[in-house]
Amino acid sequence: DFELHIQRCQQLSVTVLTDHQDLNNTELKTVTNSAAPQQYRIRAKLRTYTPQKLHQSVKLHCSKCNSLQEVPDADNFDFILRGSANAAPNPELHNTSWYESVTWTTQDQKQREITIHFVKHDEMLQHPEDTLLMIEGGTLKEIWKLTKRFKCVIPVRSTEDDLELLDLSAPFLLQGNVKYYGCKQCSTPKPIKSLSSIAAEQQPSWEPTEIAQVLGIELLQYVFIMKFTLVDETGALNAYLFDY
């Protein structure tokens, strides 16, 4: 367990970074007063680390504008889905040349109308494990059920002219148990019909990067970030871990 490992490091009198065995130990004061880039081997104590909980280390990073943001929680996604469910699906957007639509009304008190659009390839539906579908009016629970069976799920809503993505605070694509987000600042969402270009490919792979590109989405990447404060007799040094 990573957190237990860090706690053990704090309990030890020193933490030794074992890389660069050919180098002599350098005092932190020398490191902080030197111009980068340099290579050093240090011997120091771990004073603090942040964040305290490991799951808080995972952020979303945009490589275009270099912004970092928190991963939205499930409640936020559920709230956006409930808001979009208030708008009834537009029947004129059903059963096009590149997707087949199915609509039904739920049996609960709200009697929600749900529509699923199954993307076709060569005018035929693909096997579920190869299928991309779009859903209107679904709840979070219903969407997760779909991701267990189908390759890709895109939550959408109807306009007068086309289907469109939800607010980019929500994931624009779900694949398995992974939610893919787009950068609000750098994305210029295109109509859903842009996906028909992938459906027309010889063997559509439905890769998230390709889907994001045709939909005008700047894909956010999950990154792992931590900050460690190291100390010795001569000073302190902040060390940052940033990795995909």
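Modeller: Let's start with the labels. Helices (H or I, at least four residues) and strands (E, at least two) are DSSP runs, numbered from the N terminus. Keep in mind too that this is a predicted model.

Colleague: Thanks! How many helices and strands does the protein chain have?

Modeller: The protein chain contains six helices and 14 strands. Its radius of gyration is 24 Å, well over the 18 Å that the globule rule gives for 244 residues, so the chain is more spread out than a compact globule. The C-alpha trace spans about 75 × 40 × 30 Å along its principal axes.

Colleague: And how do I read burial and contacts over the whole chain?

Modeller: Of the 244 residues, 42% count as buried. For contacts, take those between residues at least 6 apart in sequence: 53% of them join residues at least 24 apart. The chain exposes about 14,600 Å², and carbon and sulfur atoms supply 48% of that area.

Colleague: Now the backbone. Where are the cis peptide bonds to P37 and P51?

Modeller: The general idea is that most peptide bonds are trans, and most residues other than glycine have a negative phi. Here, a cis bond joins A36 and P37, with omega about 0 degrees. P37 sits in the loop between α2 (28–32) and β2 (43–50). The bond from T50 to P51 is also cis, with omega near -5 degrees, and P51 belongs to the loop between β2 and β3 (58–61).

Colleague: You mentioned phi as well. What is the phi of N66, and what is that of W206?

Modeller: For N66, phi is near 65 degrees, a positive value in a residue other than glycine. W206 likewise has a positive phi, near 55 degrees. N66 is in the loop between β3 and β4 (68–70), while W206 is in the loop between α5 (196–199) and α6 (208–214).

Colleague: Is N66 buried or exposed, and is W206 buried or exposed?

Modeller: N66 is exposed, because its relative accessible area is 57%, over the 50% cut-off. W206 is buried, at 1%.

Colleague: Next, the rings. How many aromatic pairs are there?

Modeller: The count is three aromatic pairs. One of them is W98 with Y99: the ring centres are 4.9 Å apart and the planes stand at 80 degrees, so this pair is edge-to-face. W98 is buried, with 11% relative accessible area, and Y99 is buried too, at 2%.

Colleague: How is the pair of F118 and F150 arranged?

Modeller: F118 and F150 form a tilted pair, with 5.8 Å from centre to centre and 55 degrees between the planes. This pair links distant parts of the chain, 32 residues apart: F118 is in strand β6 (residues 113–121), and F150 is in the loop between α4 (140–147) and β9 (152–158). Both phenylalanines are buried.

Colleague: Last topic: cysteines. How many disulfides are there?

Modeller: In general, a disulfide is a covalent bond between the sulfur atoms of two cysteines. The count in this model is zero.

Colleague: Why is C62 not bonded to C65?

Modeller: The closest cysteine sulfur to that of C62 is in C65, but the distance of 3.7 Å is too far for a bond, because a disulfide needs the sulfurs within 2.5 Å. C62 counts as buried, at 0% relative accessibility. C186 is in no disulfide either: its nearest cysteine sulfur, that of C65, lies 3.7 Å away. C186 is buried as well, at 17%.

Notes:
Residues numbered from 1 in each chain as written. Predicted model: local features only at pLDDT ≥ 70, side-chain atom pairs only at ≥ 80, totals over all residues. Heavy atoms only, no water. Phe/Tyr/Trp six-rings, centres within 6.5 Å; stacked < 30°, edge-to-face > 60°. Buried < 20%, exposed > 50% of the residue type's maximum accessible area, 1.4 Å probe, protein only. Rg over C-alpha atoms; globule rule 2.2 N^0.38 Å. Contact = heavy atoms within 4.5 Å. Areas by Shrake-Rupley, 256 points an atom, 1.4 Å probe, with all protein chains shown as cover.
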